[in-house]
Amino acid sequence: MKDYDLIVIGGGSGGVRAARRAAACGARVLLAEGADLGGTCVNVGCVPKKLFYYAATLGTTLSNIGAYGYPNATVGDFSWQTLLENKNTEIQRLNVIYQNLLQNSGVEIVKGMATLKDGNTITINNTEYCGAHILLACGGEPIRPPLPGAELAALSDDLFYLKKFPKKVIMIGAGYIALEFAGIFNGLGADTTLCYRADLPMRGLDIDLQQRLATGIAATGITLRPGSTPQQLTQNDTPPNTSTELHLQDGTVLSADLVVFATGRRPRTSALNLAAAGITPTKNGTLAVDENYRTSNANNAPVYALGDLINTPALTPVATNEAEVFVRRLFGNDTQATVDYKAVPTAIFSQPGIATTGISEHAAAEQGIDIEVQTSSFKPMKSSFAGSSSESYIKLISARDSNKVIGAQMLGDDAAEIMQGIAVAIKAGATTADFHGTVGIHPTSAEEFVTL
């Protein structure tokens, strides 16, 4: 049996980063992956989703360009097949890049689903591999709720491989995935309905952003159905209008070509045989780890976990940062390396888009922090000139005692791009005086943050 210093289970962003960085430290590394390299983000997540988002927003752009001297410009015929084929080509290109990065780093790749035999041994395709340390980086998977007929609905992974573009879509959920795909289907021409149990979408955001987000989404033509609880799904096979029917708890029945559950994700651990290493998941399915990302287990096994498997923000950049810290602590003897989870910036590529960083207004209130909140709403120049109704909204949250900016939020065009720079400023400890004393770039939406 060949021995390794580190065995990584999972070839997503966190697993690949950890494997490459450990190999660069001189470790003998094996990476096991049963699917395509790149994980969720590259294959059925961030990357293809953003490509679909670009396609969906092109229609909105074209509909506004008459004011810019193109009165006869039209969207024309949209080809789902062309978009799908080009997406697949790009993803395959990225798969090869990931493979080359690993191989050029000296990482050995084994294709196949890995399971734990014990705290130092894994099994892949009936072959055993031994490692001084094992890192679990398997990512997450979408949840299918236990409802009658739930198998009739698609999950988010399925949406990247649809053979036919639907004319009518029902998205169930109110989180990132539901909002983003509702915007995508609507932007590409599907009659789209968004059903969710709460009063407003995106639980966890400040109420003012939730309200403005709901208004903005509705303005794009998406039908919102808050307070909707799914009860069951049935199939209507009466030609020529075959459809999937969603039965709500209040007795309402909605029908569509495609119904999608986007009601959450869970750690992908069911096939790992965690018990063999003495690991018991927490109540929500995540794995408890210490500051070195070593799992809490009954056998004191050298098994580690990061990314979507642990109770930290389920974001690709978070996983890659955790992988960096994991390697620095284990192979670089850097016990001070940490990930700062307090100011993780994030974006929702909905339409309109949202980006946030730092603490929210309601979280500050819960923590008893005395804050000052500055907000501004405005029509972006690009939209205003074209007669569009879209608005942008920004918010800065600062601690009153120090004037340090501790949070920022934005709804509107280019929110994600703008928020990345704001996140750097907050991480560096900028105060409201620093923001106000910074010369703005005019005319931009970003300058609104320094002219509040």
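Contact, as I use the word in these entries, means heavy atoms within 4.5 Å. I also note at the outset that the model is predicted.

**Entry 1: L136 and the cores**

I began with L136 and looked up what it touches when residues up to four places away in sequence are not counted: the list is I9, L272, L274, I279, L287, V303, Y304, A305, L306 and L309. I then asked which residues of the largest nonpolar core touch the most other members. Of its 52 residues, these are I9, V29, I122, L136 and F326. The largest share of this core, 5 residues, comes from helix α1, which covers residues 13-24. Apart from it lies another core, and there I counted 38 residues, V260, I348, I354 and Y393 among them. As background I wrote down that in soluble globular proteins nonpolar side chains tend to be buried together.

**Entry 2: strand β2 and its partners**

Next I followed I9 into strand β2, residues 6-9, and found both of the strand's faces covered, since L6 and V8 on one side and I7 and I9 on the other are all buried. Strand β3, residues 29-33, runs parallel to β2 and is joined to it by 4 bridges, and within β3 the bridge partner of L6 is V29. Between these two strands the chain passes through α1, and I recorded this β-α-β crossover as right-handed. β2 is also joined to strand β8, residues 134-136, by 3 bridges, again with the two strands parallel. In β8 the bridge partner of I9 is L136, and L136 also has I9 in its contact list.

**Entry 3: the open sheet**

I then looked at an open sheet of 4 strands, whose order is β1-β7-β6-β5 and whose pairing is mixed. Which strands stand at its edges? They are β1 (3-4) and β5 (114-116), and because each has a single partner strand, one side of each is left without a neighbour in the sheet. β1 pairs with strand β7, residues 127-131, in the parallel sense over 2 bridges, and Y4 stands opposite G131 of β7. In the loop between β6 (121-124) and β7 I found N126, whose phi is near 70°, a positive value in a residue other than glycine. N126 is exposed, with a relative accessible area of 78%.

**Entry 4: the loop between β18 and β19**

Is T269, in the loop between β18 (265-267) and β19 (303-305), buried or exposed? I found that T269 is buried, with a relative accessible area of 11%, and that, leaving aside its neighbours within four places in sequence, T269 is in contact with L274 and L309. Both of these leucines also appear among the residues that L136 touches. N273 lies in the loop between β18 and β19 as well, and its phi, near 60°, is a positive value in a residue other than glycine. N273 is partly exposed, with a relative accessible area of 40%.

**Entry 5: helix α5**

For helix α5, residues 176-187, I checked the length: at 1.5 Å a residue its 12 residues should span 16 Å, and its end C-alpha atoms are 16 Å apart, which agrees. I then noted that 9 of the 12 residues are buried, so α5 is largely enclosed by the rest of the structure. Among the buried residues are L179, F181, I184 and F185. What covers the buried residues of α5 includes α3 (46-63), β11 (168-172), β12 (191-195), α6 (207-219), β17 (258-261) and β20 (346-348). After α5 comes G189, with a positive phi near 110°.

**Entry 6: cysteines and cis peptide bonds**

I looked for disulfides and found that the structure holds 0. Why does C41 have no bond to C46? The two sulfurs are 3.1 Å apart, which is too far for a bond, because a disulfide needs cysteine sulfur atoms within 2.5 Å. C41 is buried, with a relative accessible area of 12%, whereas C25 is partly exposed, at 40%.

Lastly I noted two cis peptide bonds, of which one runs from Q351 to P352 with omega near 5°, and the other joins H442 and P443 with omega about -5°. P352 is found in the loop between β20 and β21 (354-358), while P443 is in the segment after α11 (432-436).

Technical notes:
Residues numbered from 1 in each chain as written. Predicted model: local features only at pLDDT ≥ 70, side-chain atom pairs only at ≥ 80, totals over all residues. Heavy atoms only, no water. Buried < 20%, exposed > 50% of the residue type's maximum accessible area, 1.4 Å probe, protein only. Expected span 1.5 Å × (residues − 1). Core = buried A, V, L, I, M, F, W, Y, C linked by side-chain atoms within 4.5 Å. Pairing = 2+ DSSP bridges. Right-handed = clockwise from strand over helix to strand, strands pointing away.
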